[in-house]
Structures are given as structure tokens and as C-alpha cells.
Amino acid sequence: MRPQIIDRSRDQEFMRLALDLAAQGAALGEVPVGAVLVQHGQVLGQGFNRPILDSDPSAHAEMVAIRAAAAAASNYRLPGSTLYVTLEPCSMCAGLIVHARVARVVFGALEPKAGIVQSQGQFFGQGFLNHRVMVEGGVLAEACGAILSEFFKARRAKR
């Protein structure tokens with residue numbers, strides 16, 4: 001298998017798209033997390049959190065984006081792809097990322113309570129996994145954290 005060539009020049013561009021998606025979710029009352037899956041430089045899938053809208057606890061932004069990408073590719077494997085997500089993935093999403101064979105995850109803000117990529121563990125570094133995922137955190141972290149902070153501040157103010 002040949003080594004993955006990483007082009008970091010477009011990371012902020014795709015993270016801005018994920019932030020736009022997060023804002024769409026926030027406007028609908030969902031926790032503002034957005035995700036974009038890119039393969040060969042093209043957006044293949046995108047989504048935002050929608051568990052409330054879909055009455056589906058698995059409808060995290062990463063799940064929505066990966067499902068859309070797999071459908072677009074007509075393949076449940078997405079080799080060579082990069083997933084951009086505004087918030088550090090949880091354990092459910094990390095498992096999906098491995099099963100889909102996503103090559104790289106780029107996330108914005110840390111998730112201190114449930115983030116399993118860095119905050120609460122390094123899931124992708126576990127020896128039992130049959131797929132390795134490259135990770136880069138902190139891309140547009142301030143903007144990614146701010147949209148979440150503003151959302152929850154507004155939610156608390158409504159109470």
C-alpha cells in the first residue's frame with residue numbers, strides 16, 4: 001500500500017464548509033456540529049447533527065456525512081478520504097470512521113466529555129483496530145468552539 005499524501009492547504013476551506021453546516025443545524029435547534037467528507041479533493045458527503053429532526057440517536061454529523069458519501073460512491077468503504085468535523089468525534093462515530101476506512105480525520109474543537117480521539121482516549125491508536133486513521137485536531141478550533149458555546153449560552157438563556 002502506498003503512503004497517503006496529505007494536502008493540508010484546503011483543510012481550513014473544508015472546515016469552513018463544516019462550520020456552515022453546523023450553523024444550519026443550530027438554526028433548526030440541533031447541537032451545531034457539521035461534517036464534510038472529501039475524497040480526491042471533492043466533497044462526497046456532508047451533514048450536520050440531526051438526531052432530533054430524524055428521531056435517530058445515531059444521526060451525528062459524521063454519520064450523516066459518511067452515509068451520504070458511501071451512497072454517492074456506491075461503496076461502504078471510503079479509502080483515501082478525509083472527514084472534516086467541527087467537534088472531536090465520539091466513540092460511535094470513531095467506530096464508523098474505522099469501518100468506513102476513512103484515511104484521515106480533521107477536527108476543530110475538543111470535546112472534553114465524550115471526545116474519544118484525544119480528550120478521553122486515543123481510539124484510533126488502539127492495537128486491535130485493523131485500520132489506521134490519521135488525525136489532526138485544532139483546525140479553526142476557536143470558531144468551532146464558539147458556535148457551540150453560543151448555542152448552549154442561548155439555550156440556557158431560554159430556560
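Start with the surface: show it for the whole protein chain, and you have about 8400 Å² exposed, with carbon and sulfur atoms supplying 54% of that area. Keep in mind that this is a predicted model. Of the chain's 159 residues, 45% count as buried. If you colour the charges, there are 16 positive and 13 negative ones, and the mean positions of the two sets are 4 Å apart.

**The whole chain**

Switch to cartoon. You should find five helices and five strands, running α-β-β-α-α-β-α-β-β-α along the sequence. The C-alpha trace spans about 55 × 30 × 30 Å along its principal axes. How does the radius of gyration of the protein chain fit a compact globule? A compact globule of 159 residues would come out near 15 Å, and the chain has 15 Å, so the two agree. Turn on contacts between residues at least 6 apart in sequence, and 58% of them join residues at least 24 apart.

**Residues 9-118**

Now select 9-118. UniProt, in an unreviewed entry, lists this stretch as "domain: CMP/dCMP-type deaminase". The selection is 39% helix and 24% strand, and its end C-alpha atoms sit 23 Å apart.

**Glu62**

Next, pick Glu62, which you'll find in helix α3. The unreviewed UniProt entry places the feature "active site" here. Is Glu62 buried or exposed? Glu62 has a relative accessible area of 4%, under the 20% cut-off, so it counts as buried. Show what is around it: leaving out residues up to four places away in sequence, Glu62 touches Ala35, Leu83, Val85, Leu87, Pro89, Cys93 and Leu96.

**Helix α4**

Cys93 is a handy stepping stone, as it is one of the buried residues of helix α4 (residues 91-99). The others to highlight are Ala94, Gly95, Ile97 and Val98. A quick reminder while you look down a helix: with 3.6 residues a turn in an α-helix, residues three or four places apart point the same way. What do the buried residues of α4 pack against? Bring up α3 (61-73), β3 (81-87) and β4 (104-109), since those are the elements they pack against. Just after α4, click on Arg101 to see a positive phi of about 65°.

**Glu88**

Go back to the loop between β3 and α4 and select Glu88. With a relative accessible area of 2%, Glu88 is another glutamate that counts as buried. Draw a C-alpha to C-alpha distance from Glu88 to Phe107: they are 19 residues apart in sequence, and 5.6 Å apart in space. Phe107 is also among the residues that Glu88 touches, beyond those up to four places away in sequence. The rest of that list is Ala109, Leu110, Glu111, Gly115, Ile116, Val117, Gln118 and Ser119.

**Ser81**

Slide along to strand β3 and pick Ser81. Its relative accessibility is 0%, so Ser81 counts as buried. Which residues does Ser81 touch, not counting residues up to four places away in sequence? Select Leu37, Val38, Gln39, Val102, Ala103 and Arg104 to see them. For one more distance, try Ser81 to Val43: 38 residues apart in sequence, and 9.6 Å from C-alpha to C-alpha.

**Met15**

Jump to helix α1 (residues 11-27) and find Met15. Met15 is buried too, with a relative accessible area of 0%. Apart from neighbours within four places in sequence, Met15 is in contact with Tyr84, Val85, Thr86, Val106, Phe107, Gly108, Val139, Leu140 and Cys144. Two of those names have come up already: Val85 is in the list for Glu62, and Phe107 is in the list for Glu88. The C-alpha atoms of Met15 and Met63 are 17 Å apart, with the two positions 48 residues apart in sequence numbering.

**Two loop residues with positive phi**

Leu140, one of the contacts of Met15, is worth a click of its own. You'll find Leu140 in the loop between β5 (134-137) and α5 (141-158). Its phi is near 55°, a positive value in a residue other than glycine. At 21% relative accessibility, Leu140 counts as partly exposed.

Finish at Ser74, in the loop between α3 and β3. Here phi is near 50°, again positive in a residue other than glycine. Is Ser74 buried or exposed? Ser74 is exposed, with a relative accessible area of 68%.

Methods:
Residues numbered from 1 in each chain as written. Predicted model: local features only at pLDDT ≥ 70, side-chain atom pairs only at ≥ 80, totals over all residues. Heavy atoms only, no water. Helix = DSSP H or I, 4+ residues; strand = E, 2+ residues; numbered from the N terminus. Rg over C-alpha atoms; globule rule 2.2 N^0.38 Å. Buried < 20%, exposed > 50% of the residue type's maximum accessible area, 1.4 Å probe, protein only. Contact = heavy atoms within 4.5 Å. Areas by Shrake-Rupley, 256 points an atom, 1.4 Å probe, with all protein chains shown as cover. Lys, Arg positive; Asp, Glu negative; His and termini not counted. Charge placed at Lys NZ, Arg CZ, Asp CG, Glu CD. UniProt positions renumbered as here; feature names shortened; annotations may be inferred.
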